[in-house]
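Work through the following exercises with the sequence and the coordinates side by side. Each task sentence is followed by a solution that goes step by step.

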Amino acid sequence: MWRDAGIPADSFYEVRPECTDVPKTRFKIKAGKTLSVRKWQAAFSPEGQLDIGKTLSRIYRGGIHPSIRGEVWEFLLGCYDPKSTFDEREQIRQSRRVQYARWKEDCRQMFPVVGSGRFITAPVITENGQPIQDPIVLSQINPDKGSQDNGSSTNRNNAMEPVMDKKVIQWMLTLHQIGLDVIRTDRTLVFYEKQENLSKLWDILAVYAWIDTDVGYCQGMSDLCSPMIILLDDEADAFWCFERLMRRLRGNFRCTDSSVGVEVQLSNLASITQVIDPKLHEHLETLGGGDYLFAFRMLMVLFRREFSFCDSLYLWEMMWALEYDPDLFNVYKESDPDTEKAEGPKGKPKSTRQCGKYERENMKSGAKNSEAPLPISVFLVASVLKDKSSKLLTEARGLDDVVKILNDITGNLDAKKACTGALKLHKKYLKKAPKKT
């Protein structure tokens with residue numbers, strides 16, 4: 001029987017014993033609040049249609065039990081239509097697994113380390129497509145040859161040939177950077193002591209970098225992908241969950257010679273703070289922080305560094321439950337390449353009961369009619385700034401002070417309170433913000 005105090009969920013994401021400075025987890029599994037296996041299964045009809053409205057408020061109140069987190073996330077991120085049946089979802093799942101296997105094989109043909117259970121952390125190619133003949137590179141590409149061919153460097157040098165295709169060169173230039181990020185990602189977790197899990201993360205990011213030529217790979221993506229492979233056993237399922245998350249966030253990673261994608265969200269954050277807390281905004285501008293670059297990391301990796309691993313998952317699922325739009329699957333499907341052959345059922349116009357609370361507010365205010373409604377993550381950052389407003393106004397005498405004050409929140413934030421604060425600010429902003437004509 002669960003007690004009111006709740007059961008800690010850390011045991012599901014074991015931390016290495018030598019890592020003693022990891023932020024404490026606040027999330028606890030609570031009876032009657034956390035979405036349990038029983039409540040989740042009860043939300044499905046005998047054919048498999050999901051009444052997702054039954055689960056959204058529970059997720060917001062108490063998160064998701066770790067044992068079902070992966071499958072619930074697949075719905076929250078729009079991998080599946082809640083109106084689909086068990087059979088229809090299985091058809092889509094198998095089709096996606098085949099597609100991922102094809103893409104992975106394409107990558108393996110170009111660079112055989114993909115899918116080998118290994119990964120690289122050193123550059124393998126120059127910008128003009130010439131292989132880098134470096135002992136570290138060669139040992140990572142062909143670890144078995146290092147001991148066998150000590151005197152025969154020509155055999156190893158011939159393992160890679162010059163590459164002419166610019167797209168392939170661009171992709172191969174990112175592979176070692178993915179590897180360097182992989183070995184730094186969630187390194188406190190026992191899960192990543194296994195080479196197979198590190199290589200799985202590297203494979204997914206390498207395949208994604210190949211298919212998304214606009215964005216490729218950018219630092220921070222490993223932090224977003226890591227939970228997917230921990231929560232979902234099948235690599236292809238984890239890939240598609242990550243791909244759906246990137247649909248929401250890829251604009252943040254799209255860079256040009258003159259701008260970084262996340263600048264749009266930072267500009268939105270500035271506008272919100274100007275409306276909600278004009279004194280703070282003016283103070284930050286005076287300090288030279290009017291571009292809000294100090295909040296860059298929070299938006300890029302969705303607070304992964306400010307919370308413990310377990311609490312960041314809790315924060316994410318609350319955000320997605322609040323933002324949930326039952327049309328998400330069909331919106332994504334319309335922009336998909338022709339890879340999913342199964343047709344989901346065409347339903348009636350969406351019911352607000354099936355929408356998240358944040359989404360309902362946007363619909364009510366007409367914000368959904370604008371080009372792109374602001375994501376809740378921007379209001380989350382705004383709520384953190386609002387909470388620290390007094391300290392920032394009295395103690396920040398320069399941008400270094402702003403960064404230090406915000407860094408001090410690591411491990412001290414409450415995910416539920418942050419989401420509640422974001423909802424309040426969102427409501428306030430919709431009332432106060434100047435209407436666009």
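Angles between helix axes under 35 degrees count as roughly parallel, over 145 as roughly antiparallel, 65 to 115 as roughly perpendicular and the rest as oblique. The model is a predicted one, in which local features need pLDDT of at least 70 and side-chain atom pairs count only at pLDDT 80 or more, while totals for chains, interfaces and linings use all residues. Residues are numbered from 1 along each chain as its sequence is written, and side-chain values use heavy atoms, with hydrogens and water left out.

**Exercise 1. Describe the chain as a whole.**

Start with the secondary structure: the chain has 21 helices and two strands, where helices (H or I, at least four residues) and strands (E, at least two) are DSSP runs numbered from the N terminus. Next, take burial, for which buried means under 20% relative accessible area, exposed over 50% and partly exposed in between (1.4 Å probe, protein chains only); of the 437 residues, 52% are buried. Then turn to contacts, meaning heavy atoms within 4.5 Å: among those with a separation of 6 or more, 74% join residues 24 or more positions apart.

**Exercise 2. Determine how helix α21 is oriented against α17 and against α12.**

First compare α17 (residues 357-365) with α21 (residues 415-432), whose axes lie 11 Å apart at an angle of about 5°; axes are lines fitted to C-alpha atoms, for helices over the stretch in contact, and angles run from 0 to 180 degrees between N-to-C directions. The pair α17 and α21 is therefore roughly parallel. On the α17 side the contact involves Lys357, Tyr358, Glu361, Asn362 and Ser365, and on the α21 side Leu423, His426, Lys427 and Leu430. These residues of α17 and α21 comprise three nonpolar, three polar and three charged, with Ala, Val, Leu, Ile, Met, Phe, Trp, Tyr, Cys and Pro counted as nonpolar, Asp, Glu, Lys and Arg as charged, and the others, Gly among them, as polar.

Now take α12 (residues 263-276), which packs on α21 at an angle of about 80° with the axes 10 Å apart. Helices α12 and α21 are therefore roughly perpendicular to each other. Here Ser271, Ile272, Val275 and Ile276 of α12 meet Leu425, Lys428, Tyr429 and Lys432 of α21, a set that divides into five nonpolar, one polar and two charged.

**Exercise 3. Explain why helix α2 is described as largely enclosed, and identify what covers it.**

Count first: seven of the 10 residues of α2 (residues 53-62) are buried, so the helix is largely enclosed by the rest of the structure. The buried positions of α2 are Gly53, Thr55, Leu56, Arg58, Ile59, Tyr60 and Gly62. Their cover includes α1 (37-42), α3 (69-76), α15 (309-323) and α21. Finally, inspect the position just after α2, where Gly63 takes a positive phi of about 75°.

**Exercise 4. Characterise the surroundings of Ile178 and Ser377.**

Ile178 is found in helix α8 (residues 166-182) and is buried, at a relative accessible area of 0%. Apart from neighbours within four places in sequence, Ile178 is in contact with Trp202, Leu205, Ala206, Ala209 and Tyr217. Ile178 and Met221, which are 43 residues apart in sequence, have a C-alpha to C-alpha separation of 9.0 Å.

Ser377 lies in helix α18 (residues 376-387) and is buried as well, with a relative accessible area of 8%. Beyond residues up to four places away in sequence, Ser377 touches Leu299, Leu302, Phe303 and Met319.
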